[in-house]
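Visitor: Got a minute to walk me through this one? I'd like the main features, quickly.

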Amino acid sequence: MSFPTNFLWGGATAANQCEGAWDVDGKGPSISDHSRAGSRTASGRRVFDLEIDTDQYYYPSHTAIDFYHHYKEDIALFAEMGYKTYRMSVNWTRIFPNGDEDTPNEAGLKFYDDVFDECLKYGIEPLVTISHFELPFHLGKTYDGFLDKRVIDFYERYATTLFTRYQHKVKYWLTFNEINFGTLPHGLRINGLFNREYTETEQYQALHNVFLASARAVIAGHNINPDFKIGCMLAYITMYPKTCKPADVLKTQQMNDKLNFFCGDVQVKGKYPYYMKQYFKDHGIDFEITEEDKALLKAGTVDYYTFSYYMSTCIAADIDNREDKSGGNLFGGVANEYLETSDWGWQIDPIGLRFTLNQLYSRYEVPLMVVENGLGAFDELNDDHTIDDDYRIDYFRQHIIEMQKALDDGVELIGYTPWGCIDLISAGTGEMSKRYGFIYVDRDDEGNGTLARYPKKSFYWYKKVIESNGTEL
Ligand code: BGP
């Protein structure tokens, strides 16, 4: 079987990692604008630090690749590749600079009108993430983010503003990027928890409020335009038992439930799963879930499920999987001897994508979309401005073959938007040199460079893939 004729081939970015222009046209600071590429760790990797008590804003995200002023050129290149869809995010702080204003910033709204018009001019369907690591800094600093229920109202107002304004331009929406990331200690900032230490109860209370915000947005969106397709988005890190020891298998199931399935279960099935209720009991986690909340979660379930897929990991019963990160990822886990890793230690596992697509479809039976997948690598710019990224082509080829097989398995997969389709700032490290794109951007980790865009070898390869609807790989 080949890819369906209306398959949504495209690419993905996020505002905070590409737009730059952090304070232009009335934009306020987001949590990303308070982040900077930090010091290098012992392994040579950078970590992304959050600076709370300073007015100093840092490269990279405040300038990034200046998509704000290059969007026409960039979208023209996406169109040249034949994109059917472009996944992007709206920067909350362009629309509500502090997050708690009564009225939106017209200049911010106008910018996205222009971006969407540019996409539609080429027949590219925008796929919009409403919140992708761009929480207004003020909401974190003053309210402790989603820990405060008023922030649910602010989010709903923001989402409703977008739905109303763009109802004739955008059909596909995602409420929160990688919502499950907010359950990890280093992910708390995305929900605005960064002023102090927070108890586990508070962390789950904040996440609960994010679920409620998402559900309210789904309901509001469908009221404004019943044709809207509103989805969830999770970071999915496929987990295998390290060995066939039953204890390893059981541990894998437990970690998988908590880290991969939990948020999707709430957003697709509309209720908390039994294993989390038990986890809360066992750990003395006690926050209020009212009858009204339960009804809201039920009424605000998503239309489709999307996820990022970069790697798999292995879980063992007798070690602290969260501490051991030899599997190369943020969820923890140990190395898989059968897999190779990227330059950043992420385990490359195309077959794991087929496995995951089947796992998710059998659980949810809603349309699926892979909205992030890709290889962060060091690219070399040749003298003639070409880039021979055969390793990236190889990575995508293998993943697309497995998606094809998942379609053959009967999975309803409706789209594929590789991550960082144009080089941008890494969310995890703040580096520019961790490049994912089909398009090279002349800019380095220190912010030097002309910002010129150069198609890589993979650009022409992906164009052919889309043209042939996935048959020429
Ligand atoms: C996901 C995020 C993206 C993106 C990607 C790659 O977690 O949704 O924003 O950045 O991962 O990660 P990194 O940039 O750390 O390589």
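Guide: We'll go through the barrel, a helix pair and the ligand site. Bear in mind that this is a predicted model.

Visitor: Barrel first. How many strands, and in what order do they run?

Guide: The closed barrel has 8 strands. They run 1-4-5-6-7-8-11-12, with parallel pairing. From one strand to the next, the twist averages 35 degrees.

Visitor: Over how many bridges do strand 7 and strand 8 pair?

Guide: They pair over 10 bridges, in the parallel sense. Strand 7 covers residues 229-241, and strand 8 covers 304-315. P241 stands opposite I315 of strand 8.

Visitor: Which strands does helix 7 touch?

Guide: Helix 7, residues 200-224, packs on the sheet and touches strands 5, 6 and 7. Its direction makes about 160 degrees with that of strand 6.

Visitor: Switching to helices 2 and 4. At what angle do they pack?

Guide: About 20 degrees, with the axes 10 Å apart. Helix 2 spans residues 67-81 and helix 4 spans 106-121. That angle is why helix 2 counts as roughly parallel to helix 4. The crossing is right-handed.

Visitor: Which residues make the contact?

Guide: Helix 2 gives Y71, K72 and I75; helix 4 gives V115, E118 and C119. By class, that contact has 4 nonpolar residues, 2 charged and no polar.

Visitor: Now the ligand. How many residues surround it?

Guide: 14 residues do. The closest are A14, G376, S426, A427 and G428.

Visitor: And how does that shell divide by class?

Guide: Into 7 polar, 4 nonpolar and 3 charged residues.

Methods: Residues are numbered from 1 along each chain as its sequence is written. This is a predicted model: local features need pLDDT of at least 70, side-chain atom pairs count only at pLDDT 80 or more; totals for chains, interfaces and linings use all residues. A residue is near a molecule or strand if its C-beta atom, placed from the backbone, lies within 6 Å of it. Ala, Val, Leu, Ile, Met, Phe, Trp, Tyr, Cys and Pro count as nonpolar, Asp, Glu, Lys and Arg as charged, and the others, Gly among them, as polar. Axes are lines fitted to C-alpha atoms, for helices over the stretch in contact, and angles run from 0 to 180 degrees between N-to-C directions. Helices (H or I, at least four residues) and strands (E, at least two) are DSSP runs, numbered from the N terminus. Angles under 35 degrees count as roughly parallel, over 145 as roughly antiparallel, 65 to 115 as roughly perpendicular and the rest as oblique. A crossing is left-handed if the near helix is turned anticlockwise from the far one by less than a right angle, and right-handed if clockwise. Two residues are in contact if their C-beta atoms, placed from the backbone, lie within 7 Å. Two strands pair if DSSP finds at least two bridges between them.
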